[in-house]
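Biologist: I would like to go through this model with you and ask how each label is earned. Shall we take it term by term?

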Amino acid sequence: MPDDRSQVDGARVLADLNTLRGIGAYKTGVHKPTFSEPHMRSLEWLAGRLPEAGLTATIDGIGNVLGTSVKQGPKLLAGSHLESQNYAGWLDGPLGVVYALEAARVINPDQAVNGAVEVASWCDEEGHFGSFLGSRSYVGALTEADIDAARDRNSGRTMRDALREVGLAGRARSRAARGRHIGYLEAHIEQGQTLESGGLSIGIVTSIVGIWQYRISFTGEQNHAGTTRMADRRDAGLALARFCVDIDDRFPDLRRGRGQRHRHRRARGERLRAVVVDGWRSVRPRRSRCRRNRRADRAGRRARRSGSAGARESRRLMSAGAEEAATPTPPPAGIL
Ligand SMILES: [Zn+2]
């Protein structure tokens, strides 16, 4: 296998990233919501670059850009996304797309390399209209009814209207062909501090978070502050605070986040309610199927079912929302 690193053109990579940064620029970052004009211009830009890597470009019926190769040998799929969160950083997404493009530009023309890199830009990875609509479409996990129901979380515009306005309505959606790819790679700008604090320039992700979200209500009782004995009080706010501390104590390995907290005050005699929309993110190591982790998962579920000391202080209603399993991501056996 030849050493292709010397052919990687760092200046070209940086120039491409800066070009994408210039489309929809906002202060030091970018503003490119899904199907906005700068997002669509970014997709067109990528489609125009892919032939440089020997790839045939398509923008499909959900806004995925795919560059496919007719070269013989194994294919590795690589990419990321080109829309951004609102008023966001300039490297989240484009870094992975441009790295994939550069790898394809270097590897695909090289006849000494058996195989090719194909490039993808997944639409709406940032969730303006839904949850991973582009990549789910590619793996066959998105129905037409899902698209009918999807709406822009900011404007309320339907995805159907958006697809029509940007000229993608009626186009076929590309689907993964089973066995075509030996793996998928996505380079991403670091969103935590692990590399930066370690003085490292690059690392390999070995696991990603699985997300559980719960809506939990704490219901208390309003009464006279001066005359009601402390033992008789049912303070929803206090229960909520204790519950949050309990979660911190009992699940030190979980990535936890507490979302919106509302306190509803009602007329005297009615119940007071505090609502917390909470999320736990668990990071499982690659050997997540080991018995210890399974035990920890079961313990976590049990604890959530039974409630902690703080939660028992008031009646608690817990309804589970979307649940996603943590996904180990072993490095693929590559062609590189
Ligand atoms: Zn991203």
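Below, we put values next to their definitions.

Modeller: Before we start, this is a predicted model, in which local features need pLDDT of at least 70, side-chain atom pairs count only at pLDDT 80 or more, and totals for chains, interfaces and linings use all residues. Residues are numbered from 1 along each chain as its sequence is written.

Biologist: Fine. Why is Glu186 called buried?

Modeller: A residue is buried if 20 or more other C-beta atoms lie within 10 Å of its own, exposed if 12 or fewer, and partly exposed in between, with C-beta atoms placed from the backbone. Glu186 has 21 C-beta neighbours inside 10 Å, so Glu186 counts as buried. Buried residues make up 29% of the 336 residues in the chain.

Biologist: Where is Glu186, and what does Glu186 touch?

Modeller: Glu186 sits in the loop between β7 (181–185) and α7 (194–198); helices (H or I, at least four residues) and strands (E, at least two) are DSSP runs, numbered from the N terminus. Contact is defined by C-beta atoms, placed from the backbone, that lie within 7 Å. Leaving aside residues up to four places away in sequence, Glu186 touches Ala78, Gly79, Ser80 and Gly96. With Ala78, the C-alpha to C-alpha separation is 5.6 Å, although the two are 108 residues apart in sequence.

Biologist: And why is Tyr87 called exposed?

Modeller: Tyr87 has 12 other C-beta atoms within 10 Å, so Tyr87 is exposed. Tyr87 lies in the loop between β5 and α3, and has a positive phi of about 50° although it is not a glycine.

Biologist: What makes a positive phi worth a remark?

Modeller: Most residues other than glycine have a negative phi. Lys27 also has a positive phi, of about 50°, and is not a glycine. Lys27 is in the loop between β1 (25–26) and β2 (29–30), and counts as exposed because there are 8 C-beta neighbours inside 10 Å.

Biologist: What makes a set of residues a nonpolar core?

Modeller: The members are buried Ala, Val, Leu, Ile, Met, Phe, Trp, Tyr and Cys residues joined through C-beta atoms within 7 Å. The largest nonpolar core has 42 residues, and Ala78 and Ala104 are among those that touch the most other members. α3 gives the most to this core, with 9 residues. A second, separate core of 6 residues includes Ala236, Ala239, Leu240 and Ile247.

Biologist: What does Ala104 touch?

Modeller: Not counting residues up to four places away in sequence, Ala104 touches Ala53, Leu55, Gly67, Val117 and Val119.

Technical notes: Two residues are in contact if their C-beta atoms, placed from the backbone, lie within 7 Å.
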